[in-house]
Amino acid sequence: MLKYFIGGAAATVALSYFLGYDYLFSGIAKTYLKGKSSANIDDGKLFPSHIISTESPKLWEEDALYNKIELPKNIVDDLTHSNTASFLVIKNGKLMHEQYWNGYDQLSKTNSFSMAKAVTVMLLGKALEEGKIKSIDGKFSDIFEAFKERELGHLLTLKNLAQMEAGLDWDEDYKNPFRPNAKAYYGRSLIKATFSKRFKTEPGTRFEYQSGSTQLLGFAVREMIGQTLASYLSEKFWIPLGMEQNAEWSVDESGMEKTYCCIHSNSRDFAKLGQLFLDDGKVDGVQVLNSDFIEQMRTPTEKSAKIYGMGLWINHDNPVKHYYFLGLQGQYIIMVPDHNMVIVRTGSYENSPKNDRGRPDQVKFLVNETVNLFK
């Protein structure tokens, strides 16, 4: 009986490899065998990574009212119900409130998930600024010639990728293990997970949020800068911003960063990315990222029905206007310009409710309640 079981298991494994589903074994090992049901904010140690190094850490200046204003019950209930790890409020460039739950603290590094998409677009902006990439309207196929022969592939631009208008045949499904997100996350090769995708619509004609778009953008930026994205991020942002800790960026077996996700950092340093946007790209008077590019990132596009710019989600419908980095399970870096405020929330919020425009209800709630509390 045992030999039939072993033979059947071997056949299953062989068939999985043949069909391209071998990544499922990695996924099972990193989730169910560790008592998890899906990707997790503590996944960083399970994957190889590149270091995003800092050199001269600069601590946040604390406001005179730092942690002296108690969160009201409705905010606390929302944060605890949603399995929050951290909640930070920065106002006028100073740390106003900082709170952690479930064993996390200011040194805890958690998975950015898709907040990394905005960081990838920031790297695109820096590469454009430095002339490493000539134009945001440049063709992806000018960098990777194989796309010239692919139907519609020759039309794809870097701007299409940044604005989520690539038209890829990519189903953004986080729960189905046979969909491309799982293959990219748990698989060995990001090239295999993304370069094989066909196009279902002409690039530039329709908004559709797709992790594959940002991964392709990451490949293009890395090719043009001639170094790892983690080292470029370190030089151009992590060090100039005075980040408190080194961070890690998960990579595949070839060493390519997962640019659609997976920067593992602490919440205080995530907040510094938000402050950079409030300060229009400046740090201590030094222009770290071109202000025109910052404005382009946070300007909502027509094709997204004005909910998305380039890497950033935008809500101008709310009376308190805001825009934000957004990651799976409720990772947020929220910028509220009219109140000079950054709000960071991390945690493991499974099945976070969204409104009819695809934006998390929790973001709007936290913006309105936090602004009212600290006004």
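In this predicted model, strand β10, which spans residues 322-327, pairs with β11 in the antiparallel sense, and five bridges link the two. Gly327 has Gln331 of β11 standing opposite. The two strands make a hairpin with three residues between them, and Gln329, which lies in that turn, has a positive phi of about 65 degrees.

Strand β11 is also joined by five bridges to strand β12, residues 341-347, and these two strands run antiparallel. Within this pairing, Ile333 stands opposite Val344 in β12. β11 and β12 likewise form a hairpin, with four residues between them, and Asn340 in the turn has a positive phi of about 45 degrees.

How many residues of strand β11 are buried? Six of the six residues in the strand, 331-336, are buried, so β11 is largely enclosed by the rest of the structure. In a regular strand the side chains alternate between the two faces of the sheet. In β11, Gln331, Ile333 and Met335 point one way, while Tyr332, Ile334 and Val336 point the other way. The residues of both sets are buried; the term buried applies to a relative accessible area under 20%.

The wider setting of these strands is a chain with twelve helices and twelve strands. Of its 375 residues, 55% count as buried. Among contacts between residues at least 6 apart in sequence, 70% join residues at least 24 apart.

Another hairpin is made by β2 and β3. Six bridges join β2 to β3, and the two run antiparallel. Lys91 has Lys94 in β3 as its bridge partner. Two residues lie between the strands of this hairpin. One residue of the turn is Asn92, with a positive phi of about 55 degrees. Asn92 is thus named in the loop between β2 (84-91) and β3 (94-100), and its positive phi occurs in a residue other than glycine. Most residues other than glycine have a negative phi.

A further group of strands forms an open sheet. What is the order of the four strands in this sheet? The order is β1-β5-β6-β4, with antiparallel pairing. β1 (49-52) and β4 (110-111) stand at the edges with a single partner strand each, so one side of each is left without a neighbour in the sheet.

Inside this sheet, strand β5 (residues 247-250) is joined to strand β6 (residues 263-265) by two bridges, and the strands run antiparallel. Glu248 stands opposite His264 in β6. The loop between β5 and β6 contains Cys262. This cysteine is not a glycine, yet the phi of Cys262 is positive, near 75 degrees. Is Cys262 buried or exposed? With a relative accessible area of 1%, Cys262 is buried.

The helices offer a contact of another kind. Helix α4 (residues 115-129) and helix α10 (residues 267-278) have axes that come within 12 Å and cross at roughly 50 degrees. The two helices are therefore oblique to each other, and their crossing is left-handed. On the α4 side, Met115, Val119 and Met122 meet Phe270, Leu273, Leu276 and Phe277 of α10. The residues of this contact divide into seven nonpolar, no polar and no charged.

A single residue in another helix shows how positions separated along the chain come together in space. Ala220 is found in helix α8, residues 211-225. Its relative accessibility is 0%, so Ala220 counts as buried. Which residues does Ala220 touch, apart from those up to four places away in sequence? Ala220 touches Phe140, Ile143, Phe144 and Leu158. One of these, Phe140, is 80 residues from Ala220 in sequence, while the C-alpha atoms of the two residues are 7.0 Å apart.

Notes: Residues are numbered from 1 along each chain as its sequence is written. Side-chain values use heavy atoms; hydrogens and water are left out. Buried means under 20% relative accessible area, exposed over 50%, partly exposed in between (1.4 Å probe, protein chains only). Two strands pair if DSSP finds at least two bridges between them. Axes are lines fitted to C-alpha atoms, for helices over the stretch in contact, and angles run from 0 to 180 degrees between N-to-C directions. Angles under 35 degrees count as roughly parallel, over 145 as roughly antiparallel, 65 to 115 as roughly perpendicular and the rest as oblique. A crossing is left-handed if the near helix is turned anticlockwise from the far one by less than a right angle, and right-handed if clockwise. Contact means heavy atoms within 4.5 Å. Ala, Val, Leu, Ile, Met, Phe, Trp, Tyr, Cys and Pro count as nonpolar, Asp, Glu, Lys and Arg as charged, and the others, Gly among them, as polar.
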